[in-house]
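Good morning, and thank you for the time. I would ask everyone to look first at the sequence and the model on the screen, and then to follow me through a few places in it.

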Amino acid sequence: MEVCCYVVSCEKTGTAVVIDPGGNEDKIIAACEKNNLQVKYIIATHGHPDHVCGNRRLQEATGAEIIMHRDDALFFWQPEVREYFSMLGLAESPVPDILVHDGDTITVGDSELQVIHTPGHTPGGICLYSAPDCFTGDTLFVGAVGRTDFPGGSTDELMRSIRTRLLVLPPETIVWPGHGYGGNRSTIGVEAKNNPFITSSQI
Ligand SMILES: [Zn+2]
Ligand SMILES: [Zn+2]
């Protein structure tokens with residue numbers, strides 16, 4: 001489903017995290033091996049199947065621990081939710097090893113990723129921030145925002161998350177979205193000014 005997967009590493013220690021491995025696991029593993037990276041964590045920006053379907057393969061290959069926000073972990077393990085999403089036929093993620101919440105930091109060698117809880121697309125959606133980069137999952141895209149018509153979605157909540165948690169970041173913050181629908185990167189400043197979903201929102 002053309003999910004943007006990101007490998008973030010510490011240059012000094014070679015420690016890495018993989019964000020949203022939604023397919024092409026062999027390619028991701030090969031890229032990590034080629035760069036001598038030790039994958040410590042697999043981080044799901046949210047629990048949607050297209051973002052977590054590579055978790056199992058990647059965990060088997062690297063031994064990395066899976067991180068997810070507790071609200072999505074709880075939500076996506078409800079039988080009726082699992083049934084709804086099993087229609088997609090994508091592999092389920094193993095149960096996350098570590099549950100995070102807003103304000104937590106995830107250590108990657110000498111650097112850190114800050115967890116920003118941005119519910120709306122899903123209840124436990126998170127963005128991962130390490131200045132100047134922000135991995136925005138399906139919360140914020142280039143010129144668009146995440147869908148809110150899946151179970152657990154809320155447009156009001158999504159727009160509130162974007163406005164109060166993302167638009168407050170420095171305008172030069174680089175946005176790395178969970179899908180490249182409108183482009184593969186942007187900045188918070190550009191999205192605040194040009195993203196039609198944000199400029200037209202009353203929230
Ligand atoms: Zn999603
Ligand atoms: Zn997605």
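**A residue to begin with: Asn 24**

Asn 24 is partly exposed, since 13 other C-beta atoms lie within 10 Å. Please bear in mind throughout that this is a predicted model. Where in the chain does Asn 24 lie? Its place is in the loop between strand 2, residues 15-19, and helix 1. The backbone deserves attention here, as Asn 24 has a positive phi of about 50° although it is not a glycine. As a general point, most residues other than glycine have a negative phi, and most peptide bonds are trans.

Another asparagine invites the same question. Asn 36 is found in the loop between helix 1 and strand 3, the latter being residues 38-43. Phi of Asn 36 is near 55°, again a positive value in a residue other than glycine. Is Asn 36 buried or exposed? Asn 36 counts as exposed, because it has 9 C-beta neighbours inside 10 Å.

**The chain as a whole**

Let me now step back. The chain contains eight helices and 13 strands. Its radius of gyration is 16 Å, close to the 17 Å that the globule rule gives for 203 residues, so the chain is as compact as a globular protein of that length. Taken along the principal axes, the box filled by the C-alpha atoms is roughly 45 × 40 × 30 Å. Of the 203 residues, 43% count as buried. Among contacts with a separation of 6 or more, 62% are accounted for by residues 24 or more positions apart.

**The six-stranded sheet**

I turn next to an open sheet of six strands, in the order 6-7-8-9-12-13, with mixed pairing. Which are its edge strands? They are strand 6 and strand 13, residues 186-187, each of which pairs on one side only.

We may walk across from strand 6. Strand 6, residues 105-108, runs antiparallel to strand 7, residues 111-117, and four bridges join them. Within this pair, Ile 106 has Leu 113 of strand 7 as its bridge partner. The hairpin of strand 6 and strand 7 has two residues between the strands, and Gly 109 there takes a positive phi near 60°.

Strand 7 is also joined by four bridges to strand 8, residues 126-130, and these two run antiparallel. Here Gln 114 has its bridge partner in strand 8, namely Tyr 129. In the loop between strand 8 and strand 9 we find Pro 132. The peptide bond leading from Ala 131 to Pro 132 is cis, with omega near 5°.

Further along the sheet, the sense of pairing is parallel: strand 9, residues 133-137, and strand 12, residues 174-177, pair in this way over four bridges. Gly 137 has Pro 177 as its bridge partner in strand 12. Why does Pro 177 count as buried? Pro 177 is buried because 28 other C-beta atoms lie within 10 Å, and the threshold for that class is 20 or more. Leaving out residues up to four places away in sequence, Pro 177 touches Cys 4, Thr 136, Leu 140, Phe 141 and Val 142. By contrast with those contacts, Cys 32 is 21 Å from Pro 177, C-alpha to C-alpha, and 145 residues away in sequence.

**Two helices that meet**

Let me return to helix 1, residues 25-34, which we have already met. Its axis comes within 10 Å of that of helix 3, residues 55-62, and the two cross at roughly 30°. The crossing of helix 1 past helix 3 is right-handed. Which residues meet here? Helix 1 offers Glu 25, Ile 28 and Ile 29, and helix 3 offers Arg 57, Leu 58 and Ala 61. By class, these residues divide into four nonpolar, no polar and two charged.

**A last residue: Leu 90**

I close with Leu 90, placed in the loop between helix 5, residues 79-86, and strand 5, residues 98-100. Leu 90 counts as partly exposed, because it has 18 C-beta neighbours inside 10 Å. Neighbours within four places in sequence aside, Leu 90 is in contact with Pro 49, Asp 50 and Cys 53. Leu 90 also lies 9.4 Å from Gly 23, C-alpha to C-alpha, although the two are 67 residues apart in sequence.

Key
Residues are numbered from 1 along each chain as its sequence is written. Chains are lettered from A and ligands numbered from 1 in the order in which they are written. This is a predicted model: local features need pLDDT of at least 70, side-chain atom pairs count only at pLDDT 80 or more; totals for chains, interfaces and linings use all residues. The radius of gyration is taken over C-alpha atoms; the globule rule is 2.2 Å times the number of residues to the power 0.38. A residue is buried if 20 or more other C-beta atoms lie within 10 Å of its own, exposed if 12 or fewer, and partly exposed in between; C-beta atoms are placed from the backbone. Two residues are in contact if their C-beta atoms, placed from the backbone, lie within 7 Å. Two strands pair if DSSP finds at least two bridges between them. Axes are lines fitted to C-alpha atoms, for helices over the stretch in contact, and angles run from 0 to 180 degrees between N-to-C directions. A crossing is left-handed if the near helix is turned anticlockwise from the far one by less than a right angle, and right-handed if clockwise. Ala, Val, Leu, Ile, Met, Phe, Trp, Tyr, Cys and Pro count as nonpolar, Asp, Glu, Lys and Arg as charged, and the others, Gly among them, as polar.
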